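Student: I'd like a close look at one helix in this protein and at what goes on around it. Could you walk me through it slowly?

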Amino acid sequence: MKIIILGAGQVGGTLAEHLASEANDITVVDTDTERLRDLGDRLDIRTIAGKGSFPTVLRQAGADDADMLVAVTNSDETNMVACQVAYTLFHTPTRIARVRESAYLSRAGLFSNEAIPVDVLISPEQVVTNHIKRLIEYPGALQVIDFADGKAQLVAVRAYYGGPLVGQQLRQIREHMPTVDARVAAIFRRNRAILPKGDTVIEADDEVFFIAAKTHIRAVISELRRLEISNKRIVIAGGGHIGERLAEAIESRYQVKIIESNPTRCRYLSDTLDSSIVLQGNASDKDLLVEENINEADIFLALTNDDEANIMSSLLAKRLGARKVMSIINNPAYVDLVQGGEIDIAISPQLATIGTLLTHVRRGDIVSVHSLRRGAAEAIEAIAHGDAKSSKVVGRMIGEIELPPGTTIGAVIRAEQVLIAHNDTLIETGDHVILFLVDKKHIRDVERLFQVGLAFF
């Protein structure tokens, strides 16, 4: 595909990296020449310096025959105008824009071809808020992903010493939990992927990805690790967009405290939120944390825009007795450094957002794409179409489908039913198929599986 990306920041740069490795024709536009030079040196892409909403700049970037425009600059207005220009002057088929301000997002009918022609709206803050909310709901999970409107979930957990399944073969899951159908889709051991088979033995410290119907998730987590007490007290450092949205989403079910240094923002938060307690101060102020009984907190969340401040306040909170700490970290180089040590979960906003973008780049009828293990693996929800003649999957049992190397089918969702994948599961037209890819080299082969042959038409 020929794709123009406006904005070479964290999200734009990460997206360019993902897509350039998949043989797409990528052009990145930004006003910051230094950023562009850095991207151009690392990746096989074109770069153009200029303002992305200008028609001349878009034409120079190849908007005349581009398949897609992805506007992810720091300015909502630039992103919206760029989509308008691409639609009106260049008839670009797909236009994606990042819009952060909720003042725009809360107006129905604003984003349509008759008004502002944006096909897909991305709000990173909302994506990250949902991601954190699911981690709070499932103590012990490293990542929780919804499929088919939440009917099935893919969950990553770290297997612990003393967990019932550690040292056991995977086939024994069925014996331990005869009433629960779950499937281990992949295991990462010392950062290497292992494709699970019946005789694979789970070791302590393995990162295990499993898929099950939503109602069975807690039961499976408890098999892999000691069940953690459910969360009650939550302390949020940083009352920005994400801190505010998260507090709003969870304050009815948890005791929430927000620490924010800006007095004006504090006043705004205490007026807007219902039951959350807003404290003015610095999250790395030891006395404040002690005074607010951080040792009784179930989760400490560092959600400011400053990576270093997030890391330091998380380390301090953990040292002072917070049971679990999570931190937003924008710099991808830091994520691997800190996760799993003192900081339990490092959240990368751009990797959480990237899946939304990848969904629209994939060929075939792909409903959702999720980046796993910081981009190393991918989970895909695809819809099977056609019949036995025109499709490579419909009318076949899973054991008969020639899957690309490193790919497993985890589950099939048919209407309200969640069918965990077994070799004799038959795929029907209209089924939502959940696939797990350990090696992204083969992404094109997976797309081809779900593209309907000409015989169908």
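Tutor: Let's begin with one helix, follow its contacts outward, and then visit a few other spots. Keep in mind that this is a predicted model.

The helix is α6, which runs over residues 124-137. Here's a quick check you can do yourself. At 1.5 Å a residue, the 14 residues of α6 should span 20 Å, and the C-alpha atoms at its ends are indeed 20 Å apart, so expectation and model agree.

Is α6 mostly covered or mostly open? Mostly covered: 10 of its 14 residues are buried. At the start of the helix you'll find P124 and E125 among the buried ones, and V128, T129, H131 and I132 are on the list too. The list finishes with R134, L135, I136 and E137. Buried here means under 20% relative accessible area.

Now pick out R134, one of those buried residues. Its side chain meets that of D146 in a salt bridge, with 3.6 Å from N to O. R134 belongs to helix α6 while D146 belongs to strand β7 (residues 141-147), so the pair ties together parts that are 12 residues apart in sequence. D146 has a relative accessibility of 27%, so it counts as partly exposed. In general, side chains of opposite charge can pair when their charged atoms come close.

Next, look at E125, another buried residue of α6. What does it sit beside? For that we need the largest pocket, which holds about 990 Å³ of space. Its lining has 48 residues, and E125 is among the closest to the pocket's centre, together with N74, R100, N305 and N330. Helix α6 is one of the elements giving two or more residues to this lining; others include α1 (10-20), strand β2 (25-30) and α12 (307-319). What kinds of residue make up the lining? It divides into 15 nonpolar, 26 polar and 7 charged residues.

Let's follow two of those pocket-lining helices a bit further. With α1, 9 of the 11 residues are buried, so this helix is largely enclosed by the rest of the structure. Its buried residues include V11, G12, G13, T14 and L15. E17 isn't lonely either: E17, D38 and R42 are linked in a network of salt bridges.

In helix α12, go to R319. Its side chain meets that of E342 in a salt bridge of 3.5 Å, N to O. E342 lies in the loop between α13 (332-338) and β17 (345-347) and R319 in helix α12, so this pair connects parts that are 23 residues apart in sequence. How open are the two partners? R319, at 64% relative accessibility, counts as exposed, and E342, at 34%, counts as partly exposed.

For a contrast in setting, try helix α15 (residues 443-449). E447 and R444 both lie in this helix, 3 residues apart, about one turn of the helix. Their side chains form a salt bridge at 2.7 Å, N to O. E447 is buried at 2% relative accessibility, and R444 is buried at 18%. Across the whole structure, the search finds 21 salt bridges.

What about disulfides? A disulfide is a covalent bond between the sulfur atoms of two cysteines. The search of the whole structure finds 0 of them. There are cysteines to look at, though: C83 is buried, with a relative accessible area of 0%, and C266 is buried as well, at 8%.

Finally, there's some closed-off space to go with that open pocket. The count comes to 1 cavity of 30 Å³ or more, and the largest cavity has a volume of about 30 Å³. Its lining is made of F147, L154, A185, I211, A379, G410, I434, L435 and F436. Strand β22 (residues 432-437) gives the largest share of that lining, 3 residues. By class, the cavity lining has 8 nonpolar residues, 1 polar and no charged ones.

To put α6 back together: it's a helix with 10 of 14 residues buried. R134 reaches D146 through a salt bridge, and E125 is among the residues closest to the centre of the largest pocket.

Key: Residues are numbered from 1 along each chain as its sequence is written. This is a predicted model: local features need pLDDT of at least 70, side-chain atom pairs count only at pLDDT 80 or more; totals for chains, interfaces and linings use all residues. Side-chain values use heavy atoms; hydrogens and water are left out. A disulfide is a pair of cysteine sulfur atoms within 2.5 Å. Buried means under 20% relative accessible area, exposed over 50%, partly exposed in between (1.4 Å probe, protein chains only). Helices (H or I, at least four residues) and strands (E, at least two) are DSSP runs, numbered from the N terminus. The expected span of a helix is 1.5 Å times one less than its number of residues. On a 1 Å grid over the protein atoms alone, a cavity is a set of points where a 1.4 Å probe fits but cannot get out, and a pocket is an open set with protein on both sides within 12 Å along at least five of seven lines; lining residues have an atom within 4 Å of a point. Grid points are joined across faces, edges and corners, and a volume is the space filled by probe spheres set on the points. Ala, Val, Leu, Ile, Met, Phe, Trp, Tyr, Cys and Pro count as nonpolar, Asp, Glu, Lys and Arg as charged, and the others, Gly among them, as polar. A salt bridge is a side-chain nitrogen of Lys or Arg within 4 Å of a carboxyl oxygen of Asp or Glu.
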